[in-house]
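Here are a few notes to help you find your way around this model. Keep the viewer open beside you and take the points one at a time.

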Amino acid sequence: MWSMIGLIGGLALLIYLTMRGMNLFIAAPLCAFVVAVFSGLPLFPQLVGEGEANFVGNYMMGFSSFIQSWYLMFLLGAIFEKLMEDSGAAYSVSKWIVDKLGMKHAALAIVIACAVLTYGGVSLFVVAFSVYPMAVSLFKQANLPRRFIPAALAFGSVTFTMTSAGSPEIQNWIPIEYLKTSPYAGWEVSLIVAIFMALFGYWWLKKMIDKAVARGERFVSRPGDPVEEGQELPHPVLGLIPLLVVLVISFVFHDSLKQSALIVALLGGVIATYVCNYKHFKNFGSAVSEGTIGALIALGNTAAVVGFGGVAKAVPAFHTAVETITSIPGSPLIGGAIAVSVIAGMTGSASGGQAIALPLIAPHYLDMGVNPEALHRVVAISSGALDSLPHNGYVVTTIRAICGETHQDAYNAVGALTVIVPALGTVLAIILFSLGLGI
């Protein structure tokens, strides 16, 4: 009982402190400490046997493992972003897109750019780093409230592309190991759900922006924003080439190098940006330095939250919760969706929700005769809903470290598009599979 109170209370406190703008380097370990104390988890490694759970050990294991896995990607992604900004390449591309789509479709341009990169296999974090300079320029030209930039970035990245059939993102690949399916499992239903999420989500995003503009909200420039005045811009094609290099390299090497393909792809993007736009840099050295600092801040913020998940997974209440949710009676598709969504919400990770739930529910549901392709697609889509609560690493990084916004200003729109829209997509997928489509 006390462990469950601590787990729920610690998670609620983390969400509250995050929304209030508290520094995550303090908030995350503080909330993890609450979870540990209520669960009677030993505080230090010296108080337990080797390999046994403890607060400091589990928190730092989660923290350090994330840095170990993602440091080079964050570093190269942030440098890539700054070089695209400093050379004017991002602004040149954004101006071209605005000219083609029209100023009224600035938000749509951002969503499309994110969707193309995400479906091409570029990491969600990297997409946010890469497209943000373009987003600032587009929103500035269209004079739209910049607090909606995180929502546009997140919507284009973690909804209708991340969990769709054929996507090379890890959230579409984890189920393969447990269900023996393919990345294209349930593609007919996936296509319908993706179209629904894309159309409904964009309509909702545009409606929120229009309401804010009607209230008098406008774009407000900040120190450090891309400055295009007085700078000779490269041709839009020279700005697009580095993005295409990242996309192509990540797609080509995804199967052979897995996650490491992103390192090669981003390095290729950095080199391509320099080669194509070296005449247009204002201060190449400064851009690299700023990118490095930005990467460390973004990486640290995310790792702090991952550390909280490392402690949460070690307490008895977490295992009790997992057993309860994975034993939900009724349709296996509904049970699977709920199990994955809730665990993803507790850990703040879509891939974490799948990796924890699938080993438990997959054998049971497959023995019941559940269609593996249907389960694959429902699990994938549902993992992208509650994972986007305020404490999610991607949400924190995108809102705070990349866009420089506060949760109080930006999260409502992000939550609407990345929690509610995928939840509705999950419901639609279950209905379509229940009607026999794609089975």
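1. A good place to begin is H7, where Ile149, Pro150, Ala151, Ala152, Leu153, Ala154, Phe155, Gly156, Ser157 and Val158 are buried. Buried means under 20% relative accessible area, exposed means over 50%, and partly exposed is in between, with a 1.4 Å probe and protein chains only. Helix H7 covers residues 149-158 and is mostly covered, with 10 of its 10 residues buried. Helices here are DSSP runs of H or I with at least four residues, numbered from the N terminus.

2. Some ground rules before going on. This is a predicted model, in which local features need pLDDT of at least 70 and side-chain atom pairs count only at pLDDT 80 or more, while totals for chains, interfaces and linings use all residues. Residues are numbered from 1 along each chain as its sequence is written, and side-chain values use heavy atoms, leaving out hydrogens and water.

3. How confident is the predictor in the chain? The average pLDDT (the predictor's confidence in each residue, from 0 to 100) is 84, and 94% of the residues score at least 70. Confidence is highest in H9, at 95, and lowest in helix H4 (residues 89-101), at a mean of 74.

4. Helix H4 is also home to Lys100. This lysine is exposed, with a relative accessible area of 61%. Compare its place with that of Gly51: the two are 49 residues apart in sequence, and their C-alpha atoms are 58 Å apart in space.

5. Please take a look at Arg400 in helix H17 (residues 393-402). Arg400 is buried yet has no salt bridge, and Glu405, the nearest side chain of opposite charge, is 11 Å away. For a salt bridge, a side-chain nitrogen of Lys or Arg must be within 4 Å of a carboxyl oxygen of Asp or Glu. As for charge, Lys and Arg count as positive and Asp and Glu as negative, while His and the chain ends are not counted. What does the side chain of Arg400 reach at 2.9 Å? The partner is the backbone oxygen of Met22. Leaving out residues up to four places away in sequence, Arg400 touches several others, among them Leu17, Thr18, Asn23 and His407; contact means heavy atoms within 4.5 Å.

6. Ser341 is another residue to visit, in helix H14 (residues 332-347). With 11% relative accessibility, Ser341 counts as buried. Setting aside neighbours within four places in sequence, Ser341 is in contact with Ser382 and Leu386.

7. Now for the aromatic rings: the structure holds 12 aromatic pairs. The rings of Phe200 and Trp204 are a tilted pair, because their centres are 5.7 Å apart and their planes stand at 50 degrees. Rings of Phe, Tyr and Trp (its six-membered ring) pair if their centres lie within 6.5 Å; planes under 30 degrees apart count as stacked, over 60 as edge-to-face and the rest as tilted. Phe200 and Trp204 sit four residues apart in helix H9 (residues 187-214), which means that about one helical turn separates them. Phe200 is partly exposed at 26% relative accessible area, and Trp204 is partly exposed at 22%.

8. Tyr274 and Phe284 form an edge-to-face pair, with 5.2 Å from centre to centre and 65 degrees between the planes. Tyr274 lies in helix H11 (residues 261-277) and Phe284 in helix H12 (residues 284-312), so the pair ties together parts 10 residues apart in sequence. Lastly, Phe33, Phe55, Tyr59 and Phe63 form one aromatic cluster.

Note on methods:
Helix = DSSP H or I, 4+ residues; strand = E, 2+ residues; numbered from the N terminus. Polar contact = N/O pair within 3.5 Å; in protein donor to acceptor, adjacent residues only side chain to side chain.
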